Structure formats: C-alpha cells, structure tokens
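Colleague: I should be grateful for a close look at one part of the structure shown below. Please begin with strand pairing and go on to the charged side chains and loops that belong with it.

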Amino acid sequence: TTNIFYEMKKINFLLLVALAFTLASCNSDDKELSNNPFDSISESSNNERDKIVVISDLHLGNDLAYSENVKHLERLEQFLNEVRSSSTVKELILGGDILDEWYIPTRTDTYGSGSQADFVRKSVAANQGVFNVLNGIIKDGKIKLTYIPGNHDMGISAENINIAMPGVNQARDPEGKSAVGTYNPDGYEQIAIEHGHRYDFFSAITPNANESEAPGAILPPGYFFARIAANSFTDPTTIEAATKVPDVTLNNESDPEQKSKSIYYTLWKKVMTKVIYVKDNFNEPIIKTNIGNYTKTYAINDILPKNATDGSIQMNLYNGLFTQANWDARQKYNNVKAMTAINEAIVGSLETEFIDKQADVQYFQNSKSKVRLVVFGHTHLPKIQSYTNSDGDPCLYVNSGTWEDQKTRDKNAAIDQDVINMNFVVIAPVKSNKQNLQVALYKYNRGEHLLVDSKKLNL
C-alpha cells in the first residue's frame with residue numbers, strides 16, 4: 001500500500017510538473033505576444049482587434065537606382081511584419097503614394113517598351129519583401145488592408161493595383177474620379193482618411209488642361225515637377241552651376257489671370273533655384289512621357305511660364321488653368337466640397353499649411369459633415385492639430401508623414417537614415433470604448449515605436 005501511495009504521489013508530482021511547464025509555455029507565448037508594440041498600448045485594453053494603423057507616402061519605385069525609398073525598405077518590411085503579427089490591429093490603411101509613377105528621371109521612358117501592368121510588376125519585384133508582407137496580410141484575412149490613391153500613383157488603374165496587391169480594398173471616389181479617394185474605417189463615419197492631393201493646385205486631377213497635346217490626360221503640373229526633381233538628384237549639380245531660371249515680368253497687375261500666372265512663376269523659380277536645381281538646357285526636349293495620354297518629349301521651358309512677344313505671361317503646357325473659374329471647375333471635378341481661392345492654392349502647393357488646413361475647411365467647418373478626425377498624407381510633414389468644428393465639438397487633424405529616404409545629391413554623405421521619416425498613425429479605442437479614441441503619431445526609430453504626439457478624441 002505504501003508503495004502504491006508513493007507511486008501515486010510520484011505520478012501526481014510529474015503531472016503537476018507537466019502542467020506547470022505547459023502554463024509556463026503559455027505564459028511565455030503570452031509574454032512574447034505582448035512584446036508586439038501594437039498589442040501593448042497603455043491606453044488600450046489590448047484584448048481585441050480594434051486598432052487602426054495608417055501609413056502613407058511609401059514611394060515604392062520600380063528601380064532602386066533612383067527610387068525615393070531604398071534605405072527604409074528593410075525597416076518598412078519589419079514594421080509591416082509587426083502589424084501582421086499583431087493580435088489587436090483591425091485595419092491597415094495605405095494612404096496614397098504607395099507606388100510611384102512620377103519620380104522618374106526625365107530621360108527615362110517610364111514604361112520602357114512595356115505597359116503600366118509591367119511597370120507595376122517591376123515595382124513589386126523591386127520591393128518584393130514589402131509586397132510579400134502586404135499580400136500576406138491580405139491572405140491571412142485577419143486585418144483589413146485598404147489602399148487609397150495618392151498623386152504619385154493617381155494614374156495606376158484599380159486593375160493594376162490589384163496586380164500588386166490582389167484582393168486589397170480600394171477606396172476610390174465614384175463617377176470616374178478614381179484618382180482620388182476618401183476612406184471611412186469600418187464603424188467610423190466620423191473618421192475620414194485621404195491622401196490630400198485633391199486640394200493641391202500642383203497635384204489635383206487636371207482634366208482638359210492640354211487637350212491639343214494629350215487628349216483625355218489628367219496629369220497635373222506636379223507630375224513634371226517630380227520628373228525634374230528626380231533629375232536634380234540622379235544627375236546632380238550645385239546651386240552655383242545650375243541652369244538659371246529666365247526672368248518673367250508681370251506687366252498687367254490688374255489682370256487676375258496674369259497675376260495668378262506670375263505667382264505660379266515665382267513658385268517655380270523658387271524651387272528651380274533652391275530645391276530641384278538642374279544643369280540641363282531648358283530648351284532641350286528631355287522629359288520623356290509616354291504615360292497618361294502624353295506621348296511627346298518636353299523641354300523644361302515647356303513647363304515654365306515666359307513672357308510672350310506682347311509682354312503677357314504664357315506657357316506651353318497648362319496655360320489655361322489660371323482663372324478662378326477654371327480652378328473652381330477643377331475642384332468640383334476633384335469632388336472638393338468647399339471652393340478655395342486660386343492664388344492661395346498655388347502658394348499652398350509649396351507652403352503646405354494650406355493643405356493641412358483643408359481638414360478644417362472641407363470637413364470640420366462643413367455643417368453637412370459628421371467627420372471629427374481627418375488623416376492626410378501628401379505633405380510629408382507629420383503632425384497632430386486640434387480644431388473645433390462648426391458645432392463647437394473638438395476635432396483632430398493628423399498628417400501621417402512619409403517613409404521616403406532623406407534625399408541627398410552626395411551619395412557618400414553620412415546620413416543616418418534609420419532615424420529619418422518612417423512615420424505612422426495608430427487610432428485605438430481607450431479601454432475598448434470605441435467612442436473614445438487615442439490618436440497617436442509615431443516614428444519608427446531604429447526599429448522602435450517612438451511616440452511623437454498623442455491626443456484623445458471623444459466621439
């Protein structure tokens with residue numbers, strides 16, 4: 001009997017050891033799970049899928065020799081894997097400029113001898129690790145992945161986006177205005193997420209601008225800006241050695257169209273002198289198009305304003321854009337709710353506060369809008385700003401920043417890209433209260449989630 005009792009104690013002891021080991025393993029797994037930074041946000045209950053993550057402006061190019069995002073690709077893949085492995089992220093939203101058809105050196109034929117579909121496939125191959133994770137998220141079926149078009153990918157069709165990310169949810173405006181879109185996350189009509197380019201004079205869809213050159217084209221002036229910008233960094237020069245921008249004079253200040261063209265010229269001169277200066281001959285046809293219904297090769301002087309023989313300011317491309325009536329019609333085409341002044345919009349393309357303030361103008365001060373939280377990308381300047389809507393309710397605007405590298409003309413420059421850009425937004429219910437949100441802006445700093453700013457919003 002004693003032996004049987006002893007053996008029973010021995011068996012019970014072994015069972016307890018096994019149970020303890022099992023519990024320890026479970027606890028170890030839980031601890032490992034809790035190490036996912038998305039699952040350990042202090043304001044959240046962290047016990048259900050209720051978090052919304054927003055990133056934008058990835059600028060994934062089709063050739064890493066000149067892409068705007070090379071140094072950050074490994075970190076982006078790491079970040080996306082954290083999203084994928086999270087047990088509390090509900091939605092991941094790609095807020096525009098995910099692929100990039102614009103940032104292409106001027107002498108490069110964007111599609112080569114291929115098609116847009118081939119361009120997309122090449123872009124996926126160049127950024128294969130990133131797209132492997134994005135498509136893994138779609139296949140897992142646990143996190144809803146949504147794509148919103150930006151200006152740099154505005155011309156990429158829904159079918160070709162589906163080549164890159166089969167089955168991705170695409171938020172595009174109706175009535176054929178698919179180059180812009182606004183997304184309301186599931187269950188949140190009070191949240192509006194869009195890229196923000198529809199309010200930008202340089203970047204908004206531009207129909208009927210150059211019908212004699214490219215019938216049916218919608219590419220805005222910013223497209224040519226991006227092509228010249230790419231040249232500025234792939235074939236660099238110094239400010240001193242750069243080609244000088246010809247002087248243009250406003251000879252009729254009483255003409256509103258001439259004044260708007262003068263403002264446009266001043267902005268071009270500023271960026272071509274200080275930001276995207278190049279050494280190219282401005283009369284040489286160097287900007288190869290073959291994209292978006294454009295087929296010709298253009299010179300920089302085709303884009304820049306000039307004084308005509310009668311002294312007026314004219315230009316070869318986009319000459320008819322510079323009236324308030326045209327800007328109003330263009331805004332209407334872009335599904336803009338509140339019209340803005342053309343001269344403010346031209347200046348606002350460079351001084352980006354104008355774009356940020358459209359969250360207030362278009363949503364918070366719009367009595368028909370229920371939106372209390374707006375997220376834009378586009379300007380690349382991450383921020384959170386508080387507003388009050390027309391009913392006196394608190395509102396928040398967030399800009400999700402960018403994941404592009406810091407550009408440099410000196411390829412040997414010592415730049416610590418691991419602490420530059422890589423911004424993202426997390427919208428999380430406070431202790432599972434879906435009407436009380438913590439809206440947080442982060443930087444992915446050396447692979448860690450560095451909190452930049454955070455505000456609460458009670459819906």
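Modeller: The account below starts with the sheet, follows its edge into the loops, and ends with the charged and buried residues elsewhere in the chain.

This is a predicted model, in which local features need pLDDT of at least 70 and side-chain atom pairs count only at pLDDT 80 or more, whereas totals for chains, interfaces and linings use all residues. Residues are numbered from 1 along each chain as its sequence is written, and side-chain values use heavy atoms, with hydrogens and water left out.

Seven strands make up an open sheet of mixed pairing, ordered E4-E3-E2-E1-E14-E15-E16. Strands E4 (169-170) and E16 (448-458) stand at the two edges, and each has a single partner strand, so one side of each is without a neighbour in the sheet. Strands (E, at least two residues) and helices (H or I, at least four) are DSSP runs numbered from the N terminus, and two strands pair if DSSP finds at least two bridges between them. In general, strands of a sheet pair through backbone hydrogen bonds, either parallel or antiparallel.

At the E4 edge, the pairing can be followed residue by residue. E2 and E3 run parallel and are joined by four bridges, with Ile93 placed opposite Thr146 in E3. Thr146 in turn stands opposite Asn169 in E4. Between E3 and E4 the chain passes through helix H5 (residues 158-164), a right-handed β-α-β crossover; right-handed means that, with the strands pointing away from the viewer, the path from the first strand over the helix to the second runs clockwise. E3 (residues 144-147) and E4 are also parallel, over two bridges, and Tyr147 faces Gln170 in E4.

The loop that follows E4 holds Asp173, whose side chain forms a salt bridge with that of Arg198 (2.7 Å, N to O). Asp173 belongs to the loop between E4 and strand E5 (182-183), and Arg198 to the loop between strand E6 (191-194) and helix H6 (221-234), so the pair ties together parts that are 25 residues apart in sequence. A salt bridge here is a side-chain nitrogen of Lys or Arg within 4 Å of a carboxyl oxygen of Asp or Glu. Asp173 has a relative accessible area of 13% and is therefore buried; Arg198 is buried as well, at 2%. Buried means under 20% relative accessible area, exposed over 50%, and partly exposed in between (1.4 Å probe, protein chains only).

Strand E2 also leads to a salt bridge. The side chains of Arg107 and Glu284 meet at 3.9 Å, N to O. Arg107 lies in the loop between E2 (89-94) and helix H3 (116-126), while Glu284 lies in the loop between helix H7 (256-274) and strand E7 (287-288), so this pair links distant parts of the chain, 177 residues apart. Both residues are partly exposed, Arg107 at 36% and Glu284 at 35%.

Strand E1 (51-55) is followed by a loop to helix H2 (73-85), and His59 is found in that loop. His59 is buried, with 1% relative accessibility, and has a positive phi of about 50° although it is not a glycine. In H2 the buried residues are Leu73, Leu76, Phe79, Leu80, Glu82 and Val83. The 13 residues of H2 should span 18 Å, and the end C-alpha atoms are 18 Å apart, which agrees; the expected span is 1.5 Å times one less than the number of residues.

Across the whole structure, 20 salt bridges are found. One of them joins Lys407 to Glu404, with the closest N and O atoms 3.3 Å apart. Glu68, Glu404 and Lys407 belong to one network of salt bridges that share partners. Lys407 is partly exposed at 32%, whereas Glu404 is buried at 8%.

Asp360, in helix H10 (residues 353-364), offers a contrasting case. Asp360 is buried yet has no salt bridge, and the nearest side chain of opposite charge, Lys357, is 8.5 Å away. For charge, Lys and Arg count as positive and Asp and Glu as negative, while His and the chain ends are not counted. Leaving aside residues up to four places away in sequence, Asp360 touches Gln365, Tyr387 and Thr388, where contact means heavy atoms within 4.5 Å.
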